[in-house]
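Work through the exercises below with the model open. Try each task before you read its solution.

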Amino acid sequence: MLKFYFNRFRVFLKEKLGLSVSLDEITFSYLRPDYIILEAGAHDGNDTKRLAALTKNKVFAFEPVPFLFGLLKRNTNGLKNVFAFDIALADKNTTLPMYISSGGSDASSSLLKPAAHLDKNPEVVFDEKINVKALTLDDWAALQHVTNIDFMWLDMQGYEFNMLKASKIIFPTIKVLYTEVSTTELYLSQVLYSEYKEWLLNSGFDLIKEDLPWGFTGNALFVKK
């Protein structure tokens, strides 16, 4: 059974990162069938469905944009291990403005104001701003009686570092972290990949694979030592 879930995980990461994961890189202890997944920036739920197939345990999916949250709920309907939240994970408990993307992409909305994104991807526009409910990871976890997250999947358009750094309780429990990264300030005051990576390495993670297909943005996989 364990090998079955590992093989699903390996195929998933190969498609996402071009990564062939070996047992030496991610141990079976990290990939037990009951590991807990958290996805922030779930969009329409397509990745959520696949993440839900990787574990027998819970998948917590976050999408604060209302129309995308509706798609997330619809696309994961019937998946009993998916729990969806229409809030933004952040570094404070408050209401925050979210800049909504449209035009060429509805997947670039962020709690940060767009900056170089406007030049790099001129087909994507940010004509709308809404207020969304935000919670820290630790306070959300306390409310939901969650004590650990094994695998975290982050696509937060520049806010990943902010959210993780504010977590003193749940962040140390993370074993595998797949995160969006950028070497360019696509969003105002975004923490760049060099600083983000150094912080993760100093926090006890190893970098397994990084993939920046456009040269300035992409994803990276980190595993706790």
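**Exercise 1. The sheet**

In what order do the seven strands form the open sheet, and what is the pairing?

Solution. The model is a predicted one. Start with the strand order: E3-E2-E1-E7-E8-E10-E9. The pairing is mixed, and the sheet is open. Next, find the edges. They are strand E3 (82-85) and E9, each of which pairs on one side only. Then follow the twist, which averages 20 degrees from one strand to the next.

Now take one pairing in detail. Strands of a sheet can pair through backbone hydrogen bonds in a parallel or an antiparallel way. E9 and E10 pair in the antiparallel sense, over six bridges. Within that pairing, Leu207 has Phe222 in E10 as its bridge partner.

**Exercise 2. The faces of helix H7**

Find which residues of helix H7 are buried, and explain how they are arranged around the axis.

Solution. H7 spans residues 193-202. Its buried residues are Tyr193, Tyr196, Trp199 and Leu200. Look down the helix axis: the buried residues of H7 fall within an arc of 130 degrees, so they line one face. Turn to the other side of H7, where Ser194 and Asn202 are exposed.

Next, ask what the buried residues pack against. The strands are E7 (151-154), E8 (176-182), E9 (205-211) and E10 (217-224). Helix H6 (160-165) is also a partner. For the orientation, note that H7 lies across E7, E8, E9 and E10 and runs at about 150 degrees to E9. Finish at the end of the helix: just after H7, Gly204 has a positive phi of about 100 degrees.

**Exercise 3. A threonine in helix H2**

Decide whether Thr48 is buried or exposed, then list what Thr48 touches beyond its sequence neighbours.

Solution. Place the residue: Thr48 belongs to helix H2 (residues 46-52). The cut-off for buried is under 20% relative accessible area. Thr48 has 0% relative accessibility, so Thr48 counts as buried. Now leave out residues up to four places away in sequence. The contacts of Thr48 are then Glu39, Ala42, Val59, Ala61, Leu72, Thr76 and Val82.

**Exercise 4. Aromatic pairs**

Classify the ring pair Phe60 and Trp140, and say which parts of the chain the pair links.

Solution. The count of aromatic pairs comes to 14. For Phe60 and Trp140, the ring centres are 5.0 Å apart and the planes stand at 75 degrees, so the pair is edge-to-face. The pair links distant parts of the chain: Phe60 is in strand E2 (residues 59-62) and Trp140 in helix H5 (residues 137-144), 80 residues apart. Check burial next. Phe60 is buried at a relative accessible area of 5%, and Trp140 is buried at 2%.

Repeat the steps for Phe161 and Tyr196. Their rings lie 5.9 Å centre to centre, with 80 degrees between the planes, and the pair is edge-to-face. Phe161 in helix H6 and Tyr196 in helix H7 are 35 residues apart, so to speak of distant parts of the chain is right here too. Both Phe161 and Tyr196 are buried.

Finally, widen the view. Phe60 and Trp140 belong to one aromatic cluster with Phe62, Phe83 and Phe85.

**Exercise 5. Charges over rings**

Which ring does the charged end of Lys120 sit over?

Solution. The ring is that of Phe216, with the charged end of Lys120 4.6 Å from its centre. Now look at Phe83: Lys58 lies over its face, at 5.4 Å from the ring centre.

Notes. Residues are numbered from 1 along each chain as its sequence is written. This is a predicted model: local features need pLDDT of at least 70, side-chain atom pairs count only at pLDDT 80 or more; totals for chains, interfaces and linings use all residues. Side-chain values use heavy atoms; hydrogens and water are left out. Buried means under 20% relative accessible area, exposed over 50%, partly exposed in between (1.4 Å probe, protein chains only). Helices (H or I, at least four residues) and strands (E, at least two) are DSSP runs, numbered from the N terminus. The arc is that of the directions from the helix axis to the C-beta atoms. Contact means heavy atoms within 4.5 Å. Rings of Phe, Tyr and Trp (its six-membered ring) pair if their centres lie within 6.5 Å; planes under 30 degrees apart count as stacked, over 60 as edge-to-face and the rest as tilted. A charge sits over a ring if NZ of Lys or CZ of Arg is within 6 Å of the ring centre and within 35 degrees of the ring normal. Two strands pair if DSSP finds at least two bridges between them. Axes are lines fitted to C-alpha atoms, for helices over the stretch in contact, and angles run from 0 to 180 degrees between N-to-C directions.
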